[in-house]
Amino acid sequence: MGTGIVSVALSLDGRETLSRVLLGLAAAVWVVLAALLARRALRDRGRLRMDARGPSSLAGAAGTAVLGTRMAMLGWGWAGAALLVIAVALWAGLLIPVLTHLGAPTSGASLMVAVSTESLAALAATLAAQQQAGWLLDAALAPLVLGLVLYALVIVRFDRRQLTVGLGDHWITGGALAISALAAAEAALAAGTLGALGAIRSLLQNGSLVLWALAAAWLPVLLVGEAVRPRLRYDVRRWSTVFPVGMLAAAGFVVGRAADAPARTQFARVWLWAGLAVWLLVAGGSFGGGLRRLARTSRRAPR
């Protein structure tokens, strides 16, 4: 998910070669994770059902939709449509169990209920413009609004202590708003292309500006939290930091274009490099952790 959105942001800035490198990595990881999920489904369905109750399980739907959005940007509408179907199926199967077992107070990971929902809206709006499908644009509005409702339901119960003790997923507080801004802007652009939605298009443009501003308002809060209590050791949840940082840049590009707000685009061009830097740091930590686990396994292996 994080790798995919950094690829999207790089493409929006015209850095296509580097974007495609990250796209290839994201696609490879998606295939591997899909294979591991299928393997677990065959070997331990009970454990899989338990895992499906956690909000992090919805990262699969969000990641699939983000990958589909990047492929649609390449003109591969067939791939984007196929991934949209898969993402919707995953989301539909997981959302109710996750909401049923969502505890309080909530954490950053809990906001995956909003992120996954908005990711469907973003991909549907992108495909609507590309395929000249007005019905798909109309369909995109439902997850767009639902995602905002889910965000509000979760954030009012958010444990503010996570800002100083969270291990990475607390950044989704801003990332969920950033993907909402991107989805609204994509819908506004699609409406302009299709000549659809009338006055709703203006509402989407203005809404995307407000949502992006709210997402950006989280940035100083999150940065201060990291400065007050640095968490420098690698944790897999740091991938949940990569996504919001990259998403704020991607949303800035799209909102800037949809709402004719060049200041957002200028911010996105600078912030994009922060997203890439965070991706490199987390990817390096992930690679180093994998090497350490491999070394431990080798030492324990019988000789």
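**Figure 1. Helix α4 in the predicted model, with its span and its surroundings.** Helix α4 covers residues 59-73, and over these 15 residues the distance from its first C-alpha to its last reaches 21 Å, which is close to the 21 Å expected at 1.5 Å a residue. Most of this helix is covered, since 12 of its 15 residues are buried. The buried residues include Ala61, Ala62, Gly63, Thr64 and Ala65, and Val66, Leu67, Gly68, Thr69, Arg70, Met71 and Ala72 are buried as well. The partners against which these buried residues of α4 pack are the helices α1 (2-12), α2, α5 (77-100), α6 (112-131) and α11 (239-258). Just after the end of α4, the backbone of Gly75 takes a positive phi of about 90°.

**Figure 2. The salt bridge between Glu16 and Arg70.** The side chains of Glu16 and Arg70 meet here in a salt bridge, with a distance of 2.6 Å from N to O. Glu16 lies in helix α2 and Arg70 in helix α4, so this pair ties together parts of the chain that are 54 residues apart in sequence. For Glu16 the relative accessibility is 26%, and therefore this residue counts as partly exposed. For Arg70 the relative accessibility is 1%, and therefore this residue counts as buried, the cut-off for that word being under 20%.

**Figure 3. The nonpolar surface patch that includes Leu18.** Four residues, Leu18, Val21, Leu25 and Trp273, make a nonpolar patch of about 350 Å² on the surface. Helix α2, which runs over residues 16-43, gives the most to this patch, with 3 residues. One residue of the patch, Leu18, is found in helix α2, and with a relative accessible area of 35% Leu18 is described as partly exposed.

**Figure 4. Glu226 with its contacts and its salt bridge to Arg238.** Glu226 has its place in helix α10, which covers residues 199-228, and with a relative accessible area of 15% this residue is buried. When residues up to four places away in sequence are not counted, Glu226 touches Leu163, His170, Trp171, Arg231 and Arg238. With Arg238, the side chain of Glu226 also meets in a salt bridge, at 3.0 Å from N to O. This pair links distant parts of the chain, because Glu226 is in helix α10 whereas Arg238 is in the loop between α10 and α11, 12 residues apart. Arg238 is itself buried, with a relative accessible area of 10%.

**Figure 5. The salt bridge between Asp159 and Arg161.** Asp159 forms a salt bridge with Arg161, and the closest N and O atoms of the pair are 3.0 Å apart. At 14% relative accessibility, Asp159 counts as buried, while Arg161, at 58% relative accessibility, counts as exposed.

**Figure 6. A network of salt bridges that links Asp13, Arg15 and Arg269.** In this view the three residues Asp13, Arg15 and Arg269 are linked to one another through a network of salt bridges. For the predicted model as a whole, the count comes to 8 salt bridges, among them the pair of Glu16 and Arg70 in Figure 2, the pair of Glu226 and Arg238 in Figure 4 and the pair of Asp159 and Arg161 in Figure 5.

Note on methods: Residues numbered from 1 in each chain as written. Predicted model: local features only at pLDDT ≥ 70, side-chain atom pairs only at ≥ 80, totals over all residues. Heavy atoms only, no water. Patch = residues over 30% accessible without salt bridge, like charges linked within 9 Å, V, L, I, M, F, W, Y side chains within 5 Å. Areas by Shrake-Rupley, 256 points an atom, 1.4 Å probe, with all protein chains shown as cover. Helix = DSSP H or I, 4+ residues; strand = E, 2+ residues; numbered from the N terminus. Buried < 20%, exposed > 50% of the residue type's maximum accessible area, 1.4 Å probe, protein only. Expected span 1.5 Å × (residues − 1). Contact = heavy atoms within 4.5 Å.
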